[in-house]
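Please open the model in your viewer and keep a selection panel at hand. The stops below move from one side-chain contact to the wider fold and then back to the aromatic rings.

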Amino acid sequence: MIETVSEVPKRKLSFWQNLGPRLRRVGKLAVWLILAYVVVQTVIGPYWTKAARDSVLDQFQQQRKSRVIALIHRQETISLFGVPVSSYIDIEDSEAVLRAIRLTPPEQPIDMILHTPGGLVLAAEQIARALAEHKGKVTVFVPHYAMSGGTLIALAAEEIVMDANAVLGPVDPQIGDMPAASIVRVLNMKQVNRIKDETLMVADVAEKVRMQVGAFVAQLLLSRLPKDKAVSLAAVLTDGRWTHDFPITVELAHELGLPVSTDMPRIVYDLMDLFPQGAADRPSVLYVPLHRSPAARDGAPASTPASPTKSDPS
């Protein structure tokens, strides 16, 4: 069959007429594929990440023959909207950590990985007290920073393992966004009759908080320091001589008499890699069940993981 000259343009025109609908169908398919990928990542991604974190924690536990608890706070991004949310130590964190400690046999060592800006005094004190009362050795690992309430928790450990560039911080209490020590100093800078009643009441609370936190820190330190040194170090850390974000480096921690080393295991950094800044839907407290022989099950409490929780800064 031989096409006439007039039929060739018609065939080309038909091709271009059909191209538009084809491209639209391909475009719709691409949109649906992208949407499906986003949904899968949003729904299934967190489970993959949690499985990877649990695997690293379990590996660390097997290496150290210990209970490993991670208390890690990052700035998170909610869902697909990119809203940043800062996290810190709160009561939900203390509840989860206390349950992990309670499910740990008394003689079993506890290794705690801390990465936090701090948080509620009550929550941090609950965790620190529980660690201090645990019979097995308690080691705290600080790969980057453990400020404020994080330092308070670290003081309960027999050994603090820090990265060479990691920092701790003062544990002077804060009232709202103001240092308690600075509020108290107002009383010495102005005549009482020139100070508002509200300020006087806040200063009264600030003085009580300073005394309470100082006494608690001294009590923690008494387990390994003479009384005079424990009281002196507690005063240094709580009296407000430094700003609240003052970095206590490894060198300064040594000078203060804290039991610090820099033998940070590589696996701790591997765990931190699984907590990228801005990751969404991330729990703060993680631990996995202990692996025990059948003979040991009768003598130790059952090890069932608690549901991880969230957190927020002092």
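Begin by selecting Arg53 and Phe275: in this predicted model, Arg53 lies over the face of the Phe275 ring, at 4.0 Å from the ring centre.

Now zoom out and colour by secondary structure, which brings up 9 helices and 12 strands in the protein. If you switch on a surface, the protein exposes about 17,500 Å², of which carbon and sulfur atoms supply 59%, while 42% of the 314 residues count as buried.

**The sheet**

Select next the strands of the open sheet, which has 6 strands in the order S11-S7-S5-S4-S1-S12 and whose pairing is mixed. Which strands form the edges of this sheet? They are strand S11 (260-261) and strand S12 (285-286), each of which pairs on one side only.

Moving inward, select strand S4 (residues 110-115) together with S5: these two strands run parallel and are joined by 4 bridges. To see one bridge at residue level, pick Ile110, whose bridge partner in S5 is Val138.

With the sheet still displayed, add helix H2 (residues 91-102), which lies across strand S1 (67-72), S4 and S12. Relative to S1, helix H2 runs at about 175 degrees.

**The aromatic pairs**

Hide the surface and show the aromatic side chains, among which a search of the whole structure finds 2 aromatic pairs. Select Phe60 and Phe141 for one of them: the ring centres are 5.6 Å apart and the planes stand at 65 degrees, and because an angle over 60 counts as edge-to-face, the pair is assigned to that class. If you trace the backbone from one ring to the other, you will find that this pair links distant parts of the chain, with Phe60 in helix H1 (residues 7-64) and Phe141 in strand S5 (residues 138-142), 81 residues apart. Are these two rings' residues buried or exposed? Both Phe60 and Phe141 are buried.

Finish at Trp242 and Phe246, which form an aromatic pair that is stacked, with 4.6 Å centre to centre and 15 degrees between the planes. In terms of solvent exposure, Trp242 has a relative accessible area of 23% and is therefore partly exposed, and Phe246, with a relative accessible area of 25%, is also partly exposed. Both values can be read against the cut-off for burial, which is under 20% relative accessible area.

Terms used:
Residues are numbered from 1 along each chain as its sequence is written. This is a predicted model: local features need pLDDT of at least 70, side-chain atom pairs count only at pLDDT 80 or more; totals for chains, interfaces and linings use all residues. Side-chain values use heavy atoms; hydrogens and water are left out. Rings of Phe, Tyr and Trp (its six-membered ring) pair if their centres lie within 6.5 Å; planes under 30 degrees apart count as stacked, over 60 as edge-to-face and the rest as tilted. Buried means under 20% relative accessible area, exposed over 50%, partly exposed in between (1.4 Å probe, protein chains only). A charge sits over a ring if NZ of Lys or CZ of Arg is within 6 Å of the ring centre and within 35 degrees of the ring normal. Accessible areas come from the Shrake-Rupley method with a 1.4 Å probe; for residues, only the protein chains shown count as cover. Two strands pair if DSSP finds at least two bridges between them. Contact means heavy atoms within 4.5 Å. Axes are lines fitted to C-alpha atoms, for helices over the stretch in contact, and angles run from 0 to 180 degrees between N-to-C directions.
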